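Here is a short note to read alongside the structure. Have the 3D view open, and take the points in order.

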Amino acid sequence: MPNTPHPMDVLYQSMTPTHMVPVRGEFEPLSEPGQRFLVAKDGLWMEVKTPWLYLCYPLAQQTAVDIPCGALEPSIDFHYGSPPVYLLQRFQHASKDANQHPISAWISWNELTGFRYYELQRDTAADDVAFTDPVLGEGETVAFVLTSRGVGSVSATDNDQIRQQSGVYMAGLFGRCDRSDPEYRYTLHAQGLQLEMGDVFSMLAH
């Protein structure tokens, strides 16, 4: 007798399905917000769609086995158009004013109203530096998570200040904010995947 699938496995696979990329037929990207894994000719890919972003990117590539699936190319699209430079500059100025004190902010996106800036409040009950997440309004999703390390430096592997367990967002990390030339680093986070801006710009150039 066939085994009955566990209800939790059915739930997980319905929330994040796996799709085989057709060899002859046309590949149809996600049309609604969601996430799925794609089995392509060269391995496993992830596809993510939010109200402001579309991303298709490889997770594990290989050439040893001939997988009977179609090929994919890395793809990214920001639905909101140009980034909110004036709000990013607002946070940069706030970081400089705060000097050695760490601060954090979110920039949300709403298809009807556009961008909105949230200054995060420090969680005084926490032992370390922590901030209280704001409550977003209806139709809002987080687009940017911004964090200042004060006078601390920003290293190429410093992700603790900007990484969340899940979600899709652009992360900005600022350091040495007491100087005239502060450091900054932007990365794209998508359900645990982290892309440096060089990889993002490379996809946008295609």
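1. A good place to start is helix α2, whose buried residues pack against β6 (104–110), β7 (114–119), β10 (141–148), β11 (168–175) and β12 (183–190). Contact here means heavy atoms within 4.5 Å. Helices (H or I, at least four residues) and strands (E, at least two) are DSSP runs, numbered from the N terminus.

2. Before going on, please note that this is a predicted model, in which local features need pLDDT of at least 70 and side-chain atom pairs count only at pLDDT 80 or more, while totals for chains, interfaces and linings use all residues. Residues are numbered from 1 along each chain as its sequence is written, and side-chain values use heavy atoms, with hydrogens and water left out.

3. Which residues of α2 are buried? They are Leu87, Leu88, Phe91, Ser95 and Ala98. These residues cover an arc of only 105 degrees around the axis, which puts them on the same side of α2; the arc is that of the directions from the helix axis to the C-beta atoms. Buried means under 20% relative accessible area, exposed over 50%, and partly exposed in between (1.4 Å probe, protein chains only). Turned away from the buried side is a face with the exposed residues Tyr86, His93 and Asp97. As background, an α-helix has 3.6 residues a turn, so residues three or four places apart point the same way.

4. The length of α2 works out nicely too. Its 14 residues (85–98) should span 20 Å at 1.5 Å a residue, and the end C-alpha atoms are indeed 20 Å apart. The expected span is 1.5 Å times one less than the number of residues. Right after the helix comes asparagine 99, with a positive phi near 55 degrees.

5. Next, look at the open sheet of 5 strands, ordered β1-β2-β3-β4-β5 with mixed pairing. β1 (18–20) and β5 (75–78) stand at the edges, each with a single partner strand, so one side of each is left without a neighbour in the sheet. Neighbouring strands are turned by 25 degrees against each other on average, direction ignored. Two strands pair if DSSP finds at least two bridges between them; β1 and β2 (residues 34–40) do so in the parallel sense over 3 bridges. Threonine 18 has phenylalanine 37 in β2 as its bridge partner.

6. Helix α3 (residues 197–204) packs on this sheet, where it touches β4 (53–61) and β5, and its direction makes about 90 degrees with that of β5. Axes are lines fitted to C-alpha atoms, for helices over the stretch in contact, and angles run from 0 to 180 degrees between N-to-C directions.

7. How many salt bridges does a search of the whole structure find? There are 4, counting a side-chain nitrogen of Lys or Arg within 4 Å of a carboxyl oxygen of Asp or Glu. One of them joins arginine 36 to glutamate 47, with the closest N and O atoms 2.4 Å apart. Arginine 36 sits in β2 and glutamate 47 in β3 (residues 43–49), 11 residues apart. Arginine 36 is buried at 11% relative accessible area, and glutamate 47 is buried at 0%.

8. Another salt bridge pairs lysine 41 with aspartate 66, the closest N and O atoms being 3.4 Å apart. Lysine 41 lies in the loop between β2 and β3 and aspartate 66 in the loop between β4 and β5, so the pair ties together parts 25 residues apart in sequence. Lysine 41 is partly exposed at 43%, whereas aspartate 66 is exposed at 63%.
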